[in-house]
Amino acid sequence: MVSLEPGVLLAYHTWMDAMPPLAPLDPGFLRVLRWRGAIQSAVLVGAAALAEVVLNRKGLPNGIVLAVAIAIGLWLTIVSPQRRFAHWGFAFDGRELHVAHGWLTRVHTVVPVGRVQHIDLRQSPVERGCGVATLVLHTAGTDHSRVAVPGLAHGHAEAVRDRIRAAIETSPW
């Protein structure tokens, strides 16, 4: 068991309280995740069907590989997207962009406006159909120099991009 000194624990709680509350992503992103899961499932079930044909020709029992593939496909399409969507959040407080995601391994990225080199707004065909976009910040540095915020409503993503661009122009860094 790890014990923290009172000063370290206080600093941690002060840091956590100072973070802005994270906003959830647009519900359209849940549809994007479900579409992605459905596409992955279709490929998986197709490969499993081919495997079943090969197993059948060799006289081995069939149906097991396809049943497992269908179960995994249902997980990828129905269960996993909801869980992934629930563990994303972001906030922009005028000086920093906060992006958090993950369940088992929680990742919280803080991007100071002064480190932003340029900003991209990206939409795949599925994202475009669901009305969402991905905001991508490219920062000064080599490792992890790209931070993406997926699942923002397109208009909201444009507004955040414009706020960050305005903050860059007035940044003292």
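**Figure 1. Six bridges hold strand β5 against strand β6, and the two run antiparallel.** This close-up, like the others here, comes from a predicted model. To find one pair for yourself, look for H138, whose bridge partner in β6 is R146. Another pair to look for is L135, which stands opposite V149 in β6. What about the other neighbour of β5? Strand β4 is joined to β5 by six bridges, and these two strands also run antiparallel. Here L121 is the residue that stands opposite L135.

**Figure 2. Strands β4, β5 and β6 make an open, antiparallel sheet of three strands, in the order β4-β5-β6.** Which strands form the edges? They are β4 and β6, each of which pairs on one side only. From one strand to the next, the twist averages 20°. Helix α5 lies across β4, β5 and β6, and runs at about 170° to β4.

**Figure 3. Strand β5 is mostly covered, with eight of its eight residues buried.** Follow the side chains along the strand and you can sort them into two sets. V132, T134, V136 and H138 point one way from β5. A133, L135, L137 and T139 point the other way, and the residues of both sets are all buried.

**Figure 4. A second open sheet has its three strands in the order β1-β2-β3, again with antiparallel pairing.** Why is one side of β1 and of β3 left without a neighbour in the sheet? These two strands stand at the edges, and each has a single partner strand, so there is nothing of the sheet on the other side. Ignoring direction, neighbouring strands here are turned by 10° against each other on average.

**Figure 5. The pairings of β2, one strand at a time.** With β1, strand β2 pairs in the antiparallel sense over five bridges. One pair to pick out is F92 with its bridge partner in β2, L97. With β3, strand β2 pairs over six bridges, also in the antiparallel sense. Here you can spot A100 standing opposite H108 in β3. How many residues lie between β2 and β3 in their hairpin? There are five, and in the turn G102 has a positive phi of about 105°.

**Figure 6. Helices α2 and α3 pack with their axes 8 Å apart, at an angle of about 170°.** Are they roughly parallel or roughly antiparallel? An angle over 145 degrees counts as roughly antiparallel, and therefore α2 is roughly antiparallel to α3. Sorted by class, the residues in the contact of α2 with α3 are 20 nonpolar, six polar and three charged.

**Figure 7. The largest nonpolar core has 27 residues, and L25, L97 and V149 touch the most other members.** Which elements supply at least two residues each? Among the helices they are α2 and α5, and among the strands β1, β2, β4, β5 and β6. As a bit of background, nonpolar side chains in soluble globular proteins tend to be buried together. Zoom in on L25 and leave aside its neighbours within four places in sequence: L25 is then in contact with F85, W88, F90, V149, P150, G151 and L152.

**Figure 8. I164 is found in helix α5.** Is this residue buried or exposed? With a relative accessible area of 1%, I164 is below the 20% limit, and so counts as buried. Setting aside its neighbours within four places in sequence, I164 is in contact with F92, V113, I119, L135 and L137. You can also look for P112, which is 52 residues from I164 along the chain, with their C-alpha atoms separated by 10.0 Å.

**Figure 9. Stepping back, the chain has five helices and six strands.** In what pattern do they follow one another? Read along the sequence, the pattern is α-α-α-β-β-β-β-α-β-β-α. Of the 173 residues of the chain, 30% count as buried. Take the contacts between residues at least 6 apart in sequence, and 50% of them join residues at least 24 apart.

Technical notes. Residues are numbered from 1 along each chain as its sequence is written. This is a predicted model: local features need pLDDT of at least 70, side-chain atom pairs count only at pLDDT 80 or more; totals for chains, interfaces and linings use all residues. Side-chain values use heavy atoms; hydrogens and water are left out. A nonpolar core is a set of buried Ala, Val, Leu, Ile, Met, Phe, Trp, Tyr and Cys residues joined through side-chain atoms within 4.5 Å. Buried means under 20% relative accessible area, exposed over 50%, partly exposed in between (1.4 Å probe, protein chains only). Helices (H or I, at least four residues) and strands (E, at least two) are DSSP runs, numbered from the N terminus. Contact means heavy atoms within 4.5 Å. Axes are lines fitted to C-alpha atoms, for helices over the stretch in contact, and angles run from 0 to 180 degrees between N-to-C directions. Angles under 35 degrees count as roughly parallel, over 145 as roughly antiparallel, 65 to 115 as roughly perpendicular and the rest as oblique. Ala, Val, Leu, Ile, Met, Phe, Trp, Tyr, Cys and Pro count as nonpolar, Asp, Glu, Lys and Arg as charged, and the others, Gly among them, as polar. Two strands pair if DSSP finds at least two bridges between them.
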